[in-house]
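User: Could you walk me through some of the words used to describe this structure? I would like to see how each label is reached.

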Amino acid sequence: MLVRDDDRTVLTMANDFKGDPKEFAIVVPVPTVLQKGQIHVGDKAPIDHLDAYTAPRLVEYFDPDPCQVAYREEMRVAAPQAGMSKMSRDAARERSLGVRVEARYTVGEYDIVILSAKQSGGLETWLHENGYTIPRGASRVLAGYIKQDMKFFVAKVNLKEQAKLGFSYLRPIQVAFESPKFILPIRLGMVNADGPQELFVFALTKNGRVETTNYRTVRLPSDAEVPTFVKDEFSDFYRAMFTEQVRKERGEAVFLEYAWDMGWCDPCAADPLSAEELRQLGVWWVGSGETPRSGRAPSIMPGGAQPVFVTRLHVRYDRAHFPEDLVLQQTGDRSNFQGRFVIRHPWKGDAECRGAEDYRRQLRERRSREAETLSDLTGWPLDRIRRKMNLASDNSMPDDNLRWWDRIWAN
């Protein structure tokens, strides 16, 4: 989660970590030495809510009786959707490695140190010697951040504090800082990766959509009509669709899944976030009465709507295709976009009129297009989709209107 306005950033990191908490550590480059008050342990609930609110969705329409007035119904399905002598020895060792501990804090269940370093090998050695489980070979990536004079935010779990607090999962870590750079570091996460990493970026701003400047930001396919069976397989469909889009973009794109003004939605995939939830995520200008640096007073919007623009980005990345961190920028674009897919249920009643004859003929053509669209979106074999749709036995269109190749494989 990235909250951004002017040079201010609040970064919330929710880690999907599986394993023993004592093995967990994160190392995040930050532009400045953080004070304890700039670090916070957050709540997972607002993140889950924002995920549901921005999730790609499926909408359903129902064909009317072709001989009567049309009606429509819509349903939302959310996509599915880490003693003094010892102190003296430590200081000497830090100097020999070119590492300086700028600050130490315990915040919630995390022990946190802020480090600066002169060379990456020494930093990597210091981390290993102090019990941080990071992969060997990280020094090459660390070196790039040291050259930029970045500091390093390092956290691991304090098991005693975690037991005292009673949490069985790792809560999100939040940091607030000021920097003209709007960058999301991702390279360290690839050092020990055994495959592509999956990252969702939720950006909350005042001005408009967020995009990457050093990689292409591509809109996900939206509003495509797909067969009705997708309703029961939406998670599988969405994963396959996203994988196919990554392949088509040669693994080099960041995908826009959602961009919307939180002042309204049409319709909402979930209830909008409250002012309190947004504040928990770091949106300091909501409900605070604070005048932003732009000089504009924070707007009060009717009906619980909030003066926040939400951008949801989705990227699957690896070292070969994403050699650089994500460089981001706010745009003035406030146009709305959401990844949505459409299914249309056919009319199954009895209808005898000229309109019914036309409807049956158009239905067969539409279902054929839906099969082709689904195959193009996901890469699934067209013949398998057609069998699943039972197109071969579909009598909504006379056989004499079948194309010659439909007859060959219509088993």
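**How the labels are reached**

Analyst: Happily! This is a predicted model. Let's begin with helix α3 (residues 120-129) and helix α4 (residues 139-147), which pack with their axes 8 Å apart and at an angle of about 120 degrees.

User: Why are α3 and α4 called oblique to each other?

Analyst: Set the angle of about 120 degrees against the cut-offs. Roughly perpendicular covers 65 to 115 degrees, and roughly antiparallel needs over 145. The angle between α3 and α4 falls in neither range, so the pair is oblique. Their crossing is right-handed.

User: Which residues make the contact between α3 and α4?

Analyst: From α3 come Ser-120, Gly-121, Leu-123 and Glu-124, while α4 brings Ser-139, Leu-142, Ala-143 and Ile-146. Sorted by kind, the residues of this contact are 4 nonpolar, 3 polar and 1 charged.

User: Which residues of α4 are buried?

Analyst: They are Val-141, Leu-142, Gly-144, Tyr-145 and Ile-146. These buried residues pack against α3 and also against the strands β3 (25-30), β8 (110-117) and β9 (151-157). After α4 comes Asp-149, which has a positive phi, near 60 degrees.

User: Now the aromatic rings. How many aromatic pairs are found in the whole structure?

Analyst: The search finds 11. In one of these pairs, Phe-234 with Phe-237, the ring centres are 5.8 Å apart and the planes are at 35 degrees.

User: What makes Phe-234 and Phe-237 a pair, and why is the pair called tilted?

Analyst: Centres must lie within 6.5 Å, and 5.8 Å meets that, so the rings pair. For the planes, stacked needs under 30 degrees and edge-to-face needs over 60; 35 degrees fits neither, so the pair is tilted. Phe-234 and Phe-237 are 3 residues apart in helix α6 (residues 234-248), which means about one helical turn separates them. Ring pairs also link both of them with Tyr-238 and Phe-341 into a cluster.

User: How do you know whether Phe-234 and Phe-237 are buried or exposed?

Analyst: Buried means under 20% relative accessible area. Phe-234 has 4%, so Phe-234 is buried. Phe-237 has 0%, so Phe-237 is buried too.

User: And Gln-245 in helix α6: why does Gln-245 count as buried?

Analyst: The reasoning uses the cut-off of under 20% again. Gln-245 has 9% relative accessibility, so Gln-245 counts as buried. Leaving out residues up to four places away in sequence, Gln-245 touches Leu-220, Pro-221, Phe-255, Asp-376 and Leu-377.

Key:
Residues are numbered from 1 along each chain as its sequence is written. This is a predicted model: local features need pLDDT of at least 70, side-chain atom pairs count only at pLDDT 80 or more; totals for chains, interfaces and linings use all residues. Side-chain values use heavy atoms; hydrogens and water are left out. Axes are lines fitted to C-alpha atoms, for helices over the stretch in contact, and angles run from 0 to 180 degrees between N-to-C directions. Helices (H or I, at least four residues) and strands (E, at least two) are DSSP runs, numbered from the N terminus. A crossing is left-handed if the near helix is turned anticlockwise from the far one by less than a right angle, and right-handed if clockwise. Contact means heavy atoms within 4.5 Å. Ala, Val, Leu, Ile, Met, Phe, Trp, Tyr, Cys and Pro count as nonpolar, Asp, Glu, Lys and Arg as charged, and the others, Gly among them, as polar. Rings of Phe, Tyr and Trp (its six-membered ring) pair if their centres lie within 6.5 Å; planes under 30 degrees apart count as stacked, over 60 as edge-to-face and the rest as tilted. Buried means under 20% relative accessible area, exposed over 50%, partly exposed in between (1.4 Å probe, protein chains only).
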